[in-house]
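Visitor: I would like to learn how to read aromatic contacts and sheet edges. Can we work through a case together?

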Amino acid sequence: MGTKRIGLARVQALIENLKRELAMGSTTFTSLAVKKNVVVLDEATYAPTVAESGTIFVFDGTACTVTLPQATAGVEYTFTCNDTCHANSIITTLGPVGLAGALICTTAALNNTNLAAGFSIIDSWVTSIDTFTLNGSTQGGLLGTQVTFTAVSPTMWNVSGIKVGSGTLVTSAS
């Protein structure tokens, strides 16, 4: 091998000209572990950002109003309760954006010893709705509640999940 040297400027130019794109094509990942971000909603208001898409938001029993950002297709948030919502936990949209979807709803008393006493219903609504409320009883919000909001267009959030309540259940949509 020779002892030919090249200058720093030439090395930098060669590095900068390298393609920095990684073609993944039909790559398959195995043993990929991804941890989702978790945010406890312990303030009176919260406004998640698009960058927080994929986050799990936890109502901790504190009254909290969450205002979703402008719907951008593909943005998704999951809301769950780690305690009974003793006060209203409200999720609302920003601007003229609607909520549409359906939830499986059940009472917390539904178990092996009183199956006849419990019931399950479907809570569904159309896009003219812009507010979703969990109140810790008839509108759901007991431990086990988990609801996902997915933006499917600039004017609509799709809502799906399981709502656990008590008493005679009523809709969470308004």
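Visitor: Is Phe-149 buried or exposed?
Guide: Keep in mind that this model is predicted. A residue counts as buried under 20% relative accessible area. Phe-149 has 0%, so Phe-149 is buried.

Visitor: Which residue pairs with Phe-149, and in what geometry?
Guide: Planes over 60 degrees apart count as edge-to-face. Phe-79 and Phe-149 are 5.5 Å apart, centre to centre, with 85° between the planes, an edge-to-face pair. The two rings come from distant parts of the chain, 70 residues apart. Phe-79 sits in strand β5 (residues 76-81), Phe-149 in strand β10 (residues 146-153). Phe-79 is buried too, because its relative accessibility is 1%.

Visitor: How many aromatic pairs does the whole structure hold?
Guide: A full search finds seven. Another of them joins Tyr-46 and Phe-57: tilted, 5.6 Å centre to centre, 55° between the planes. Tyr-46 lies in strand β2 (residues 45-46) and Phe-57 in strand β3 (residues 56-59), 11 residues apart. Phe-57 is at 0% relative accessibility, so Phe-57 counts as buried.

Visitor: Which residues form the aromatic cluster?
Guide: One cluster takes in Tyr-46, Phe-57, Phe-59, Tyr-77, Phe-79, Phe-132, Phe-149 and Trp-157.

Visitor: What is the strand order in the open sheet?
Guide: Read β2-β4-β6-β9, four strands with mixed pairing.

Visitor: Why do β2 and β9 stand at the edges?
Guide: Each has a single partner strand, so one side of each lacks a neighbour in the sheet. β2 pairs with β4 (residues 64-67) in the parallel sense, over two bridges. There, Tyr-46 stands opposite Val-66.

Terms used: Residues numbered from 1 in each chain as written. Predicted model: local features only at pLDDT ≥ 70, side-chain atom pairs only at ≥ 80, totals over all residues. Heavy atoms only, no water. Phe/Tyr/Trp six-rings, centres within 6.5 Å; stacked < 30°, edge-to-face > 60°. Buried < 20%, exposed > 50% of the residue type's maximum accessible area, 1.4 Å probe, protein only. Pairing = 2+ DSSP bridges.
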